[in-house]
Each structure stands twice: as structure tokens, then as C-alpha cells.
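Let's walk through this model together, from how far it can be trusted to its interior and then its surface. Keep the structure open beside the text as you read.

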Amino acid sequence: MLSIQRKLRTLQYHSPDHISLSSEDDVKNIVNWLENQKIRYYSVRDRGVLQGEEWRRNTASYLKQLKCPYGFEKHQNAALDWLLNYAVRLEFAEQKDNINDRAAKLRITEDENVTPLDVNSVQFKNSVNKLREYLRIPPHHDYLQVLKACRILVEKRLGANAVKRSGDKMTLSTQEIGFDLGETSLNEAGKALRLLHVDELRLLQTQINEAIVAAQSQTADPKTDTTLGQVGR
């Protein structure tokens, strides 16, 4: 489900977060949107078969024509995911020149002010590993993923919002403990413990967010084979 929603977002589907794969209307709408907006395998005149009463049977036939390896009736979700991958391949094939042009503009070019950087060199890998150790990040076999984790951690801890928060001051007198221990000194100690606990919870949430971002970075980078794309008539 999450994979399907992510690909729908990539293709700029109008409501990817509000779909239900158990809803026939939602599934039918997705199939028709993909065919009308992205795939265009059928002629405009023939696309109506995907909307009528026999839309499921016709969708199964449509997927067979596209060489989908999954039967729509028995493996609806797998077939829909395959159709999304197909649409993503076509989308990239149509826009690859623009994408490559934008990527070229982002490349670091060699000139008198820029030192070429070889990301495959031993020196670079050792530098990444030293940075990882300094930031106390667990080791990983892919040094580029380690570098990405370092970037995420630095942005979280040293970004503008983090620096701003670090300058905020809190005093025990302004904190509510929520209960009374009968003595001022005990109440102050309780407030201090509560603040420390809240700080630990914030640190835990930050670590959870970093883990989520790291996981998403592994799953949100689809590899496509543009040779499989087919533009309809």
C-alpha cells in the first residue's frame, strides 16, 4: 500500500493519501487515470472499456496486452503496482532530457576554484568513516548511505531550528510538576527529573525520525528500465 501511494505521488496523482485498495471505485479510478494521463496505450475512443460495468474483465485484458505478469483478478494489488512501475518508466522516458539537463546543472565542474572530488577514492571513504565515528553513527557497508546519515544528523542537530532551540532557557520555577511532594527541595528535584525525561523523549523522537528518513531513502529511489517503455497510439 505504501509503495503504491509513493508511486502515485511521484506521478502526481490527485489524492494518493486517500485511496483504498479494497474500494473498486478507487482502483478503477487509478487504472483509468494512469491510462488517460500517463500510459495512453489505447486510443481515446477505446479507453471507455476500462470504465463500464465490465471494467474488471477489461482491465485484466488490458494488463495482459501490456505484458503484466500478474493476473488482475487474483493479484489485483501486485498488478496495480506493476502498472504504476510501467507508468513511471514511461514518465521518465518522456522527461529524461529535462531530468538529465537539470542533473547536469547540479554537477560540480572542474575549474580553478573547485577541486575535483573522487567519491570512490580510499581517501574519501576514510574521511566519511572518520566523520561517522565523530558523530557516533553506526557503521554501514555503503559509505554513501553513511554520508547521507551524517548529513541528516547534522541538519537535525545544527540546523537553524536546532540552534534556535538550543538558545532557549528554561527555569525550574516556570515548570509544572503536576503533583506536590510536600517539600520545596523535593518538588524542585521532581521538576528537574521531568525536564530530563522530556529531553530524553525528544532525543528518542529525533532518532526515530532519523531512522524513518534513512529507511525512506532506501525505498524511495526506484530504478527504472526505460527500454521497457511503450508510447500508445
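What follows begins with confidence, moves to the cores, and ends with some backbone details and a surface patch.

A word of care comes before the tour, since this is a predicted model. The chain has a mean pLDDT of 77, and 66% of its residues reach 70 or more. Confidence varies along the chain: among its elements, helix H3 has the highest mean pLDDT, at 95, while helix H7, residues 160-166, has the lowest, at 56. Over residues 221-226 the pLDDT stays under 50, and the model has five contacts beyond four places in sequence for that stretch. Where pLDDT is low, the predicted coordinates should not be read in detail.

Now let's look inside. In soluble globular proteins, nonpolar side chains tend to be buried together. Here the largest nonpolar core has 31 residues, and those with the most contacts inside it are Leu34, Ile39, Tyr62, Leu63 and Leu83. Helices H1, H2, H3 and H4 each supply at least two residues of this core, and H4 gives the most, with nine. Tyr62 is a good residue to centre your view on: beyond four places in sequence, Tyr62 touches Glu35, Ile39, Tyr41, Tyr42, Leu50 and Leu83. There is also a second, separate core of seven residues, including Val128, Ile137, Val146 and Leu153.

Helix H2 deserves a slow look. Its buried residues are Val27, Lys28, Ile30, Val31, Asn32, Trp33, Leu34, Glu35, Lys38 and Ile39, so polar and charged names such as Asn32, Glu35 and Lys38 appear beside the nonpolar ones under the cut-off of 20% relative accessible area. Just after H2 comes Arg40, with a positive phi of about 55 degrees. Arg40 lies in the loop between H2 and H3, the latter spanning residues 55-65. Is Arg40 buried, partly exposed or exposed? Its relative accessibility is 31%, so Arg40 counts as partly exposed.

Next, step back to the loop between H1 (2-10) and H2 (24-39), where Gln12 lies. Most residues other than glycine have a negative phi. Gln12, although not a glycine, has a positive phi of about 65 degrees. With 66% relative accessibility, Gln12 counts as exposed.

Leu11 lies in that loop between H1 and H2 as well. Is Leu11 buried or exposed? Leu11 has a relative accessible area of 1%, so it is buried. Which residues does Leu11 touch, leaving aside those up to four places away in sequence? They are Trp33, Leu34, Lys38, Leu84, Ala87, Val88 and Glu91. Of these contacts, Trp33, Leu34 and Lys38 also appear among the buried residues of H2. The pair Leu11 and Val88 shows how the fold brings parts of the chain together: they are 77 residues apart in sequence and 6.9 Å apart in space, C-alpha to C-alpha.

Finally, turn to the surface. Val119, Leu131, Tyr134, Leu144 and Leu147 form a nonpolar patch there, with about 460 Å² of accessible area together. Helices H5 (122-135) and H6 (143-158) are the elements that give two or more residues to this patch. Val119 is placed in the loop between H4 (76-106) and H5. At 33% relative accessibility, Val119 counts as partly exposed.

How values were computed: Residues are numbered from 1 along each chain as its sequence is written. This is a predicted model: local features need pLDDT of at least 70, side-chain atom pairs count only at pLDDT 80 or more; totals for chains, interfaces and linings use all residues. Side-chain values use heavy atoms; hydrogens and water are left out. Helices (H or I, at least four residues) and strands (E, at least two) are DSSP runs, numbered from the N terminus. Buried means under 20% relative accessible area, exposed over 50%, partly exposed in between (1.4 Å probe, protein chains only). Contact means heavy atoms within 4.5 Å. Patches are made of residues with over 30% relative accessible area and no salt bridge: like charges are joined within 9 Å, nonpolar side chains (Val, Leu, Ile, Met, Phe, Trp, Tyr) within 5 Å. Accessible areas come from the Shrake-Rupley method with a 1.4 Å probe; for residues, only the protein chains shown count as cover. A salt bridge is a side-chain nitrogen of Lys or Arg within 4 Å of a carboxyl oxygen of Asp or Glu. A nonpolar core is a set of buried Ala, Val, Leu, Ile, Met, Phe, Trp, Tyr and Cys residues joined through side-chain atoms within 4.5 Å. pLDDT is the predictor's confidence in each residue, from 0 to 100.
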